[in-house]
Each structure stands twice: as structure tokens, then as C-alpha cells.
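Dear colleague,

Please find below the structure that I am handing over to you. A short account of what was found in it follows.

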Amino acid sequence: PLQSTGALFRIRLAGALAPCPYLSPQDPHPLCHPAVDRALQLSGAGGPPHVELMVEWDLSTKERLFGDIQEEEVRDAESVRLQQEAHQEQSCTLDECFQLYTKEEQLAPDDAWQCPHCKVPQQGTVKLSLWTLPDILIIHLKRFGQAAARGHKLSTLVRFPLRGLDLGPHMAQRGPAGGRWAPQHPQSCPHDALYDLYAICNHHGGLHGGHYTASCRNALDGHWYSYDDSHVRRVQESELSTRSAYILFYQRRCA
């Protein structure tokens, strides 16, 4: 009886800008689409380049096939989780995070600017640098990512120093150098660019729920303690750098 109802559903690319591209059932290679290529380039971390497809059913046909289901929950297959874990970077250093954050990037062709001299669109570059440093430095690690319309938690181990975090190499010079703002040479870092860690906020759980704990250094005895609701225990420094570290609190070292 369903053969006379026409198309049972349509498949479109999730997260795409309007108009949403639908895959053509007559196309022998429906994934050979510019929108799919762009989605592959923008796919987030936690797996190989991938796209998310959504099936839009004809409501009456769907109810006849599956029943009157008002709300559905579709869980990822186990292979999806295994792919995410296999392609997620195992560990990195906090300095590598700063290097990536301050790395010079070339703008996309869509963001090209017109040169006032040759009148030809040019692809510019953008670079972030630290301009000033505070006495208290709070570093918020990006533990939650977004791929298409679905979020996920990043469990990459970030190794961070407890003492002597040096932000001098990531500081911008206070004057033009060769017509541009350039980062300082690492050997010219001022002493007030050194920081010591005094507290950590940890997040345990997933994207839709979890539990927070804290690790703090006691200023009187110099030891580290773990705070989990009403439970407090002393911990070793080797226990501090974990995959649950979420927010790092540093204090500028006194000269």
C-alpha cells in the first residue's frame, strides 16, 4: 500500500545554512555535493571528517510504519564512540594550547579584503596575542565541542605546570616591528610573566550532566587538597593533572 504514497522521506544535511540541501534520490552519488564538502572541512574534533544527515519522514507514513511516536531518542552506534576515542588527541601541553590560540591564520576567501592599491581581493591573516597580563589568570579549557547540531565533551589530557607558567612568549610587543605587531622573543620575557597554579576546577561527567570538584593549594602549609562537596583530602601534586581539569587558576609570581 505504501508504494502509491510517493517519497517516504527526504534526507538533508544537518547543520547546513539555509536553504537546506536535500540529497537527491535520483543522483547516483548523492554525497558529491558542495555543501557536503564544506561540512567535512568544518567537522569538529572527536573523530574523522564526518557529516550528519537527517531523515525527514512524511508524518502519516511514519506513523503507519512505526506507530504514533511523539518523541524519539536515537542513540549513536557503538562504532561512533569508538571512532571518537580513536581520533581524539590523547594529550597535549598547556603551552601547546597557547601556541595554537595565538597561531597566525589565513582568512577564508569569503573574508578577502580589497587592496587599496591594486584593487584586487587579498586573503588576509589574523593573529591573536596577549596584550596585558593580570595578577590572577583564569584559564578556561574548552572541554565541550560542537559538531553540526550535536555536542560532545573533549577528554584530552592537558598537561599544565604547577609552577613557572611563562606567558612571555605569547605577549605582543608594545610597538611596531617591521610594520606589524610581533610577539616578543622568549628570552626577553619579563619576570612578571611567570605564574604559579593555586586552584583547579574539575568537571566529571558528560555534556548533559556531571559533578564538579576542586583542588586547591593551601597558602599556609603549601599542600594540595581535594574538595568534593563536604569531603576534603590531601592529594599529591602528581594527581592534579587529569582529564577532568576544566578551569585553572594562576597567580602572578611576585618579583
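**Cysteines**

The cysteine sulfur closest to that of C92 belongs to C97, and the 3.9 Å between them is too far for a bond. Please keep in mind throughout that the model is predicted. C92 is buried, at 10% relative accessibility.

A similar account can be given for C115. Its closest cysteine sulfur is in C118, 3.6 Å away, which is again too far for a bond. C115 also counts as buried, with a relative accessibility of 12%. Because a disulfide requires two cysteine sulfur atoms within 2.5 Å, neither the C92 and C97 sulfurs, at 3.9 Å, nor those of C115 and C118, at 3.6 Å, qualify. The count for the structure is 0 disulfides.

**Aromatic rings**

There are 4 aromatic pairs in the structure. One of them joins F144 and Y246: the ring centres are 5.7 Å apart and the planes stand at 85 degrees, so this pair is edge-to-face. F144 belongs to strand β9 (residues 144-147) and Y246 to strand β17 (residues 245-252), so the pair ties together parts that are 102 residues apart in sequence.

The two residues may also be described by their accessibility. F144 is partly exposed, with a relative accessible area of 24%, whereas Y246 is buried, at 11%. Ring pairs link both residues with Y212 in a cluster, which thus consists of F144, Y212 and Y246.

**A charge over a ring**

Finally, R10 places its charged end over the ring of Y22, at 3.9 Å from the ring centre.

With kind regards

Conventions: Residues are numbered from 1 along each chain as its sequence is written. This is a predicted model: local features need pLDDT of at least 70, side-chain atom pairs count only at pLDDT 80 or more; totals for chains, interfaces and linings use all residues. Side-chain values use heavy atoms; hydrogens and water are left out. Buried means under 20% relative accessible area, exposed over 50%, partly exposed in between (1.4 Å probe, protein chains only). Rings of Phe, Tyr and Trp (its six-membered ring) pair if their centres lie within 6.5 Å; planes under 30 degrees apart count as stacked, over 60 as edge-to-face and the rest as tilted. Helices (H or I, at least four residues) and strands (E, at least two) are DSSP runs, numbered from the N terminus. A charge sits over a ring if NZ of Lys or CZ of Arg is within 6 Å of the ring centre and within 35 degrees of the ring normal.
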